[in-house]
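Colleague: Could you walk me through this one? I would like to hear the reasoning behind each label.

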Amino acid sequence: MKTLSKLILLILLSASFMACEKSSDGPSNESPGPDKGPVIGNGDAVDNALHMAFKTPDWERKIDCTHLDPIGLNDSTSYVSSTSASTNEKFYFSFPRDSSVMVKPSNIKKYGITRVGANKKPFEFSQTLPIIANSTTKLVSLAGSSSDSYNEVLEIKYIGVKGNYAQFQIKCRYSMSMGETLNESNKRLVTGTFHFKVKAKRI
């Protein structure tokens, strides 16, 4: 029984770690499912493939992202988080816990960037990544809300129901100031996009 419990735990940890993985050099063949409900906003500027992308002055990557499981943050907010095995990039994206709140047209706008892992409100974004590929020196997102520091929600698409959850695809683009972990005065401007599939509770 102990062996079985350890095996189940290992599988769950592996699934979380591999939720986002580096894409191939060519374009992704992954595309969203058929339209099943309302769409708010216009995310044509963001790739239809589920992904997480970043671009720093020194390097850039586009990482394939599959289904992400929500984690409760507080009474009104959930978040998703994943670490890429190939790049060691880790992100945190928060969103409404209530599915009825998710589809409000007023959600289509810009939100603040938080310090890495400090998300508290819906649609905030934060991340950490190596300063350059394979480096042990990390960059962390710094809190801010300005023309150079934002997460912009472009499109939210309802795609169906699974159990007690409504499923959505969200397209965003972002810009953030990131500082070195041991020397935050050494900053980089990092930009990118992401397209995630998430679940919100049917309350």
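Colleague: Which residues does G144 touch, not counting residues up to four places away in sequence?

Modeller: Happy to start there, with the reminder that this is a predicted model. G144 touches G112, I113 and S149. Each counts as a contact because heavy atoms lie within 4.5 Å. I113 is 31 residues from G144 along the chain, and their C-alpha atoms are separated by 5.3 Å.

Colleague: Where is G144 found, and why is G144 called partly exposed?

Modeller: G144 sits in the loop between β10 (138–141) and β11. Its relative accessible area is 22%. Buried means under 20% and exposed means over 50%, so G144 with 22% falls in between and is partly exposed.

Colleague: Let's turn to backbone angles. What makes N88 stand out?

Modeller: N88 has a positive phi of about 65° although it is not a glycine. You will find N88 in the loop between β6 (77–83) and β7 (90–96).

Colleague: And what about the phi of F123?

Modeller: F123 is not a glycine, yet its phi is positive too, at about 70°. This residue belongs to the loop between β8 (110–111) and β9 (125–130).

Colleague: Why is F123 called buried, and why is N88 called partly exposed?

Modeller: Set each value against the cut-offs. F123 has a relative accessible area of 1%, which is under 20%, so F123 is buried. N88 has 36%, which is neither under 20% nor over 50%, so N88 is partly exposed.

Colleague: Which residues of the largest nonpolar core touch the most other members?

Modeller: Of the 34 residues in that core, they are F93 and F196. Strands β3, β4, β7, β9, β11 (150–162), β12 (165–180) and β13 (183–201) each supply at least two residues of this core. The largest share, seven residues, comes from β12.

Colleague: What is F93 in contact with, leaving aside its neighbours within four places in sequence?

Modeller: Its contacts include F123, the loop residue we just discussed, and F196. Also among them are Y79, V80, F125, I170, C172 and F194, as well as S78, N119, E124 and N151.

Colleague: How do you know that β3 and β4 pair?

Modeller: Pairing takes at least two bridges between the strands. β3 (residues 51–55) and β4 (residues 60–65) have five, so they count as paired, and the sense is antiparallel. M52 stands opposite I63 in β4. The two strands form a hairpin with four residues between them.

Colleague: H51 lies in strand β3. Is H51 buried or exposed?

Modeller: H51 has a relative accessible area of 1%. That is under 20%, so H51 is buried.

Colleague: What makes the link between the side chains of H51 and T193 a polar contact?

Modeller: The distance is 2.8 Å. A polar contact needs a pair of N or O atoms within 3.5 Å, one able to donate a hydrogen and the other to accept it, so 2.8 Å is inside the limit. Not counting residues up to four places away in sequence, H51 also touches I63, F194 and F196, among others.

Colleague: To finish, how many helices and strands are there in the chain?

Modeller: There are two helices and 13 strands. Of the 203 residues, 43% count as buried. Among contacts with a separation of 6 or more, 67% come from residues 24 or more positions apart.

Notes. Residues numbered from 1 in each chain as written. Predicted model: local features only at pLDDT ≥ 70, side-chain atom pairs only at ≥ 80, totals over all residues. Heavy atoms only, no water. Buried < 20%, exposed > 50% of the residue type's maximum accessible area, 1.4 Å probe, protein only. Core = buried A, V, L, I, M, F, W, Y, C linked by side-chain atoms within 4.5 Å.
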